[in-house]
Amino acid sequence: MNIKDIVLQGYTDRVTSPDGAMGLEAAQVCRMDAYDPALLRQVPKDIIDRDYGCGNPSKYAQAGDVALDLGSGSGKICYILAQIVGPQGHVIGVDMNKDMLALSRSHQKPFGDQLGYSNLRFFWGTIDDLATDLEASEETVSGRSLENLDDYTALQDSLKDQRESNPMIADNSVDLVVSNCVINLVDTDRKLNVLQEIFRVLRPGGRIALSDNVSNIDVPEELKNDPELWVGCYSGVYQEQEFYRVLCDVGFAGLTVKERAGVPEKTIGAVEFQSVTVTAFKPLEAVTSSDMTRVLYKGPWTFVSDDEGNQLHRGKITLVDKTTARQLRHSAFSEHLFFLDDQPGSNGSGCCG
Ligand SMILES: C[S@@+](CC[C@H](N)C(=O)[O-])C[C@H]1O[C@@H](n2cnc3c(N)ncnc32)[C@H](O)[C@@H]1O
């Protein structure tokens, strides 16, 4: 069973059918979630109609972020992010389905005119390889005739060179990676590549907000072999604790389960499926200065400010001097903060705080 082809066909069926319904019989539509109505009002209707998410990771974005949405689909999360990150920020959507991509791109220009700025870009790519821009690759391949092995080797070298010298998403270039009900759709043996790619493209201190379905126990083989359940966002889900463990193993810190449905959205035999939204961040590689301590404000407010005007922004790593750090650590406010240099693995070796 070729998972990628099945998922491609499944979402082409959805996006091209008049009501956005599934072409595959038993597959379920991923649950929609509540969004800020003011942000939603700006999003074109046919994009909203093709929302197949199971959470709302867009609410973890901040003004000025470079935000990347993996498996952007019709583009709804990107159109919302574009408003949150504002004219100083950028939003990049990546999807492997050309029909989805065409829909997401179709409203870019009028949407930009409506906002008064254009900060959206959509790429054709697979999220387990964020260096390869498939449109650029296709351009390189087209017009070449392969007559012998040397031609083939030369083409391979060109594609490799393109990935390395002009990657679709560069290392350490993104502030926030979001994804909404997509990681489950990636073939089991490529899932880890997705998480490693997220880690690669995030700048140190950059954040993730991932919404996805998870299961209470490992999904049994017979469900994994069901194409409709794959497309419906069930067969390929991580077992919940395994999802959190793998994120920690990849190196993310401060993993927090922000939302958890609590009750299963679907039960098949003993397997219960529900959606979760998690946030975490990529640690800084090294302590920037031995006199400073890295502090990360958890929220719930967008930012807080002390009487001197020093600000801590939610999800952003801030360097504070040791005296301030000591005061914060012993204040009633300490539960709202991560003191990153106190945590095991704070040099970036990977630990979920
Ligand atoms: C369940 S829909 C979610 C779409 C969107 N995130 C939303 O919230 O509506 C899954 C999307 O992920 C895309 N997708 C699935 N696997 C992918 C992969 N390996 N690389 C890129 N896109 C992928 C599909 O083409 C589809 O558009």
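Helices, as named here, are DSSP runs of at least four residues, numbered from the N terminus. The model on display is predicted.

**Surface patch.** Select Leu149 first; this residue is found in helix H8, residues 149–165. Leu149 counts as exposed, because its relative accessibility is 65% and the cut-off for that class is over 50%. Then add Leu146 and Tyr152 to the selection: with Leu149 they form a nonpolar patch on the surface, and together the three have about 330 Å² of accessible area.

**Aromatic pairs.** Turn next to the rings, of which the structure holds 9 aromatic pairs. Among them is the pair of Tyr234 and Phe273, whose centres are 5.0 Å apart; the planes stand at 65°, so the pair is edge-to-face. Distant parts of the chain are linked by this contact: Tyr234 lies in the loop between helix H11 (227–231) and strand E6 (238–239), whereas Phe273 belongs to strand E9 (residues 271–281), 39 residues apart. Tyr234 and Phe273 are both buried.

Now select Tyr238 and Phe243. This aromatic pair is stacked, with 5.3 Å from centre to centre and 20° between the planes. Tyr238 is buried, as is Phe243.

For a group of rings, select Tyr79, Phe111 and Phe122, which ring pairs link into a cluster.

**Charges over rings.** Which residue lies over the face of Phe338? Selecting Lys298 shows the arrangement: Lys298 is placed over that face at 4.7 Å from the ring centre. Finally, select Phe339 together with Arg329, which lies over the face of the Phe339 ring at 4.8 Å from its centre.

Key: Residues numbered from 1 in each chain as written. Predicted model: local features only at pLDDT ≥ 70, side-chain atom pairs only at ≥ 80, totals over all residues. Heavy atoms only, no water. Phe/Tyr/Trp six-rings, centres within 6.5 Å; stacked < 30°, edge-to-face > 60°. Helix = DSSP H or I, 4+ residues; strand = E, 2+ residues; numbered from the N terminus. Buried < 20%, exposed > 50% of the residue type's maximum accessible area, 1.4 Å probe, protein only. Lys NZ or Arg CZ within 6 Å of the ring centre and 35° of its normal. Patch = residues over 30% accessible without salt bridge, like charges linked within 9 Å, V, L, I, M, F, W, Y side chains within 5 Å. Areas by Shrake-Rupley, 256 points an atom, 1.4 Å probe, with all protein chains shown as cover. Salt bridge = Lys/Arg side-chain N within 4 Å of Asp/Glu carboxyl O.
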